[in-house]
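User: I would like to learn how helix packing and burial are read from a model of this kind. Could we go through it feature by feature?

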Amino acid sequence: MRVLLIGAGGYLGRFVADRLLADPAVQLTALGRGDDADVRFDLATGSPGALTRFLDAVHPGVVINCAGTTRGGARELTRHNTVAVATVCEALRRSGCGARLVQIGCGAEYGPSQPGSSTAEDAVPRPGGPYGVSKLAATELVLGSGLDAVVLRVFSPAGPGTPAGSPLGRLAEAMRRAMQSADGDLKLGGLAAQRDFVDVRDVARAVHAASLSAAQGVINIGSGRAVRLRDAASVLARVAGYGGALHELDGPPGGHLRPTIGHPRTDPDQPAPVTYPYPDGCGGWQQADVRTARDRLGWRPRISLEESLADIWMEAACRI
C-alpha cells in the first residue's frame, strides 16, 4: 500500500510515520515543508495543480494529512489549517489516483462542553477560538469534498515529544526548574481545566487503523476520560520524584493545593469558575466519547496517562 504522509515532521506526524514504517506492507512517502521530507511542498502556498501532478506520479492509495499549526493569529491558522486542506481536497479531486484521505482534526472543533458530559461525533461544534474554527472549517471541507475520507478528531495528545508550550509541557518544565533550583514550593496556574489526554502513540495507531478501514465521516480519538490538570501535576510530581508542595494559583477556594505526592485527587466535585483564559477555546471540561473509534476502527487507547507523563518527564529531565 502506497501512503503519502503530509506533515511527517510535526508532533503527530513523526509518530504516524514511525507506525507506518513498522508495517512492511506500507510504502511511505513523506511530503512537507522541512528538509527531512521526501518531497518539499508547502500546502499553504502551493497550487492544487502542482500537488495533483505529484499525486498522479506517485499514485498513493492513502493520503494522511497531519500538517497544520496550533499557533499564530487567525490569518496564519486559516492558511495552514484550512487553505492547506482545501488544496489537498482539490488536488485529490483532480487526480486519477483515487486515494483515500485521512485528515487529522482536533477536539477543539467542538469547543466547550458541559462538565461531566462525553462529547460524541454528532455534537454540534461550537469552537471557542480561532484555532478550533480553522480546524472545523477544514473538517467541513473534507466532509463536503465527495472523497473517500475520514476525519479523526484528536483530543489532547500527550507523551514523548509533547510541545513545551502545551499544558503538560509547561507542567514538566516548571517542575524541572523547581527541582534544578531546589525549590520546595512550586506555584502553578491554570490547573482547574479538565482535559481528555490521549498518548500520541495511540493516536498513531488510530491513524494506521483508519488508513486501512472503510470508515468515513468523523471519529473521535481520545481516552474517554477527563483528567484535572492539577491531578496530572500530582502524577507528574510522583514520576519526577518531586517532594515539594504544589501551590495552585487559581482554582477551587482555599488558595492553594498541597496534594499528597503520587496520589491524585479523586474529589468528584466540579471545579469552581476561574478567571484565567483557556487558549484552546474548550472551556473547563472536555471528554471524548470514543465508542465510534472502538466500533468502526477496532481501536482502544492502550497507554496510560502515567506512562505518557513519565515519557514527558524523561525528556524534560534531560534538560537539567
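Analyst: Let us begin with handedness: a crossing is left-handed if the near helix is turned anticlockwise from the far one by less than a right angle, and right-handed if clockwise. Please keep in mind throughout that this is a predicted model.

User: Which hand does the crossing of α2 and α3 have?

Analyst: In this model α2 passes α3 in a right-handed crossing.

User: Besides the hand, what describes two packed helices?

Analyst: In general, a packed pair is described by the angle between the two axes and by the distance between them. Here the axes of helix α2 (residues 48-58) and helix α3 (residues 74-94) come within 8 Å and cross at roughly 50°, which makes α2 oblique to α3. On the α2 side the contact is made by P48, G49, L51, T52 and L55, and on the α3 side by T87, V88, E90, A91, L92 and R94. Sorted by character, the residues of this contact of α2 with α3 comprise 6 nonpolar, 3 polar and 2 charged.

User: Is R53, which lies in helix α2, buried or exposed?

Analyst: R53 counts as exposed, with 58% relative accessibility, since the cut-off for that class is over 50%. Its C-alpha atom is separated by 7.5 Å from that of S95, although R53 and S95 are 42 residues apart along the chain.

User: How do the axes of α7 and α9 lie with respect to each other?

Analyst: The axes of helix α7 (residues 229-240) and helix α9 (residues 305-317) come within 9 Å and cross at roughly 60°, and α7 and α9 are therefore oblique to each other. The crossing of α7 and α9 is right-handed. Its contact is made by A232, V235, L236, R238, V239 and A240 from α7, together with E306, L309, A310 and W313 from α9. The residues of that contact of α7 with α9 divide into 8 nonpolar and 2 charged, with no polar ones.

User: How does one read the length of a helix, and what span should α5 have?

Analyst: The reading sets the separation of the end C-alpha atoms against the span expected at 1.5 Å a residue. For the 14 residues of helix α5 (residues 167-180) that span should be 20 Å, and the end C-alpha atoms are 20 Å apart, which agrees. After α5 comes A182, whose phi is positive, near 55°.

User: Which residues of α5 are buried, and what covers them?

Analyst: The buried residues of α5 are L168, G169, L171, A172, E173, A174, M175, R176 and A178. Their cover includes the strands β7 (156-158), β8 (185-188), β9 (194-199) and β12 (245-248), as well as the helices α7 and α9.

User: How many of the residues of α6 are buried?

Analyst: In α6, 11 of the 13 residues are buried, so this helix is largely enclosed by the rest of the structure. The buried residues of α6 are V200, D202, V203, A204, R205, A206, V207, H208, A209, A210 and S211. As for its length, helix α6 (residues 200-212) reaches 19 Å from its first C-alpha to its last, close to the 18 Å expected at 1.5 Å a residue.

User: Finally, what is A17, in helix α1 (residues 11-21), in contact with beyond its sequence neighbours?

Analyst: Leaving aside neighbours within four places in sequence, A17 is in contact with L5, A8 and L28. The C-alpha atoms of A17 and L5, which are 12 residues apart along the chain, are separated by 7.4 Å. A17 is buried, with a relative accessible area of 11%.

Conventions: Residues numbered from 1 in each chain as written. Predicted model: local features only at pLDDT ≥ 70, side-chain atom pairs only at ≥ 80, totals over all residues. Heavy atoms only, no water. Axes fitted to C-alpha atoms, helices over the stretch in contact; angles between N-to-C directions. Helix = DSSP H or I, 4+ residues; strand = E, 2+ residues; numbered from the N terminus. Parallel < 35°, antiparallel > 145°, perpendicular 65-115°, else oblique. Contact = heavy atoms within 4.5 Å. Nonpolar A, V, L, I, M, F, W, Y, C, P; charged D, E, K, R; others polar. Expected span 1.5 Å × (residues − 1). Buried < 20%, exposed > 50% of the residue type's maximum accessible area, 1.4 Å probe, protein only.
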